[in-house]
Amino acid sequence: MTAECFASDNVRNDKAMGEIIKVGMADLKVCVSPDGLTTLGLGSCVGIAIVDRATKIGGLAHVMLPDSTAIRENSNIAKFADTGIEELVRQMVLKGASKSRMVAKIAGGAQMFSFNSKSDLLRVGDRNAEASRKKLAQLGIPLLASDTGDNYGRTVIFYPETGELVIKSVGRESKTI
């Protein structure tokens, strides 16, 4: 197991007999099954879950913005879809994953507030989801499933053992993609 998988802020997951590692906003983490990863509060943010199904090495990024080149103060690479996904893949490879076996699922990218404007600046959720799809395609990582858009927040739990991404939302049935 990796050191990250035993961080002090982990919570017990009796179902999988591993730890569920918390991924903060503008953050990313990597683990090995039976451990899993979770992130809370995906509104316009997007959660990108990637797994190497052979090694059961998984990663989860919680990105806030689509493009690091559009922002001056962009030192937190996990904050952006373009740099966060690249870093997640890099860290997974360092743990022993193979990029050629990686597959992905994404969730989030909601339009949390309604505006009477067609401005791209107000479509952060859509832009985050689009940027995530584009970066995965550039890296040659197949996107197997997604649950993006609409107008509600999501919390996700990712299980590298099975590749399942469980999505929970207030007032809605949980779903697994």
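A polar contact is a pair of N or O atoms within 3.5 Å, where, within protein, one atom must be able to donate a hydrogen and the other to accept it. Keep that in mind, as I will come back to it for Ser33. What you see above is a predicted model.

I will start with the overall layout. The protein contains two helices and eleven strands. Reading from the N terminus, the order of elements is β-β-β-β-β-β-α-β-α-β-β-β-β. The protein has 177 residues, and 47% of them count as buried. Now take the contacts between residues at least 6 apart in sequence: 61% of these join residues at least 24 apart.

Next, the nonpolar cores. The largest one has 24 residues. Which residues have the most contacts inside it? They are Ile48, Ile50, Leu88, Met92, Met102, Leu136 and Ile141. Several elements each supply at least two residues to this core: strand 3 (27-32), strand 5 (46-52), strand 6 (57-63), helix 1 (81-95), strand 7 (102-108) and helix 2 (124-138). Helix 1 gives the most, with five residues. Apart from this core lies another, of 16 residues, and its members include Ile21, Ala49, Leu60 and Phe158.

Leu136 is a useful residue to click on. If we leave out residues up to four places away in sequence, Leu136 touches Ile48, Ile50, Ile85, Ala104, Ile106, Ile141 and Leu143.

Now to strand 4, which covers residues 36-42. I will take two of its residues, Gly36 and Leu42.

Is Gly36 buried or exposed? Gly36 counts as buried because its relative accessible area is 0%, and the cut-off for buried is under 20%. Setting aside neighbours within four places in sequence, Gly36 is in contact with Glu19, Ile20, Ile21, Cys31, Phe158 and Pro160. Phe158 and Ile21 were also named in the core of 16 residues. Gly36 and Leu165 are 129 residues apart in sequence, yet their C-alpha atoms are 9.9 Å apart in space.

Leu42 is buried too, with a relative accessibility of 0%. Its C-alpha is 5.2 Å from that of Gly108, although 66 residues separate the two in sequence. With neighbours within four places left aside, the contacts of Leu42 are Gly47, His62, Ala107, Gly108, Tyr152, Gly153, Arg154 and Val156.

Two names in that list, Tyr152 and Arg154, also belong to my next topic, charges over rings. The charged end of Arg154 sits over the ring of Tyr152, at 4.3 Å from the ring centre. Arg172 also lies over the face of Tyr152, and here the distance to the ring centre is 3.6 Å. As for pairs of aromatic rings, the count is zero.

Back to polar contacts, as promised. The loop between strand 3 and strand 4 holds Ser33 and Asp35. Ser33 is buried, at 10% relative accessibility. The side chains of Ser33 and Glu161 are joined by a polar contact of 2.4 Å. Asp35 has a relative accessible area of 3%, so Asp35 is buried. What lies 2.7 Å from a polar atom of the side chain of Asp35? That is the backbone nitrogen of Glu19.

A third polar example is Asp82, found in helix 1. Its relative accessible area is 16%, which is still buried because the limit is under 20%. The side chain of Asp82 makes a polar contact of 2.9 Å with the side chain of Ser68. Not counting residues up to four places away, Asp82 touches Pro66, Asp67, Ser68, Thr69 and Lys135. For Asp82 and Thr69, the C-alpha atoms are separated by 9.0 Å, with their positions 13 residues apart along the chain.

Last, the cysteines. A disulfide is a covalent bond between the sulfur atoms of two cysteines. How many disulfides are counted in this model? The count comes to zero. Cys31 counts as buried, at 0% relative accessibility, and Cys45 counts as buried at 7%. Cys31 was also among the contacts of Gly36.

If you look at one part of the model afterwards, try Tyr152. Arg154 sits over its ring, Arg172 lies over its face, and Leu42 is in contact with it.

Methods. Residues are numbered from 1 along each chain as its sequence is written. This is a predicted model: local features need pLDDT of at least 70, side-chain atom pairs count only at pLDDT 80 or more; totals for chains, interfaces and linings use all residues. Side-chain values use heavy atoms; hydrogens and water are left out. Rings of Phe, Tyr and Trp (its six-membered ring) pair if their centres lie within 6.5 Å; planes under 30 degrees apart count as stacked, over 60 as edge-to-face and the rest as tilted. A charge sits over a ring if NZ of Lys or CZ of Arg is within 6 Å of the ring centre and within 35 degrees of the ring normal. A nonpolar core is a set of buried Ala, Val, Leu, Ile, Met, Phe, Trp, Tyr and Cys residues joined through side-chain atoms within 4.5 Å. Buried means under 20% relative accessible area, exposed over 50%, partly exposed in between (1.4 Å probe, protein chains only). Helices (H or I, at least four residues) and strands (E, at least two) are DSSP runs, numbered from the N terminus. Contact means heavy atoms within 4.5 Å. A disulfide is a pair of cysteine sulfur atoms within 2.5 Å.
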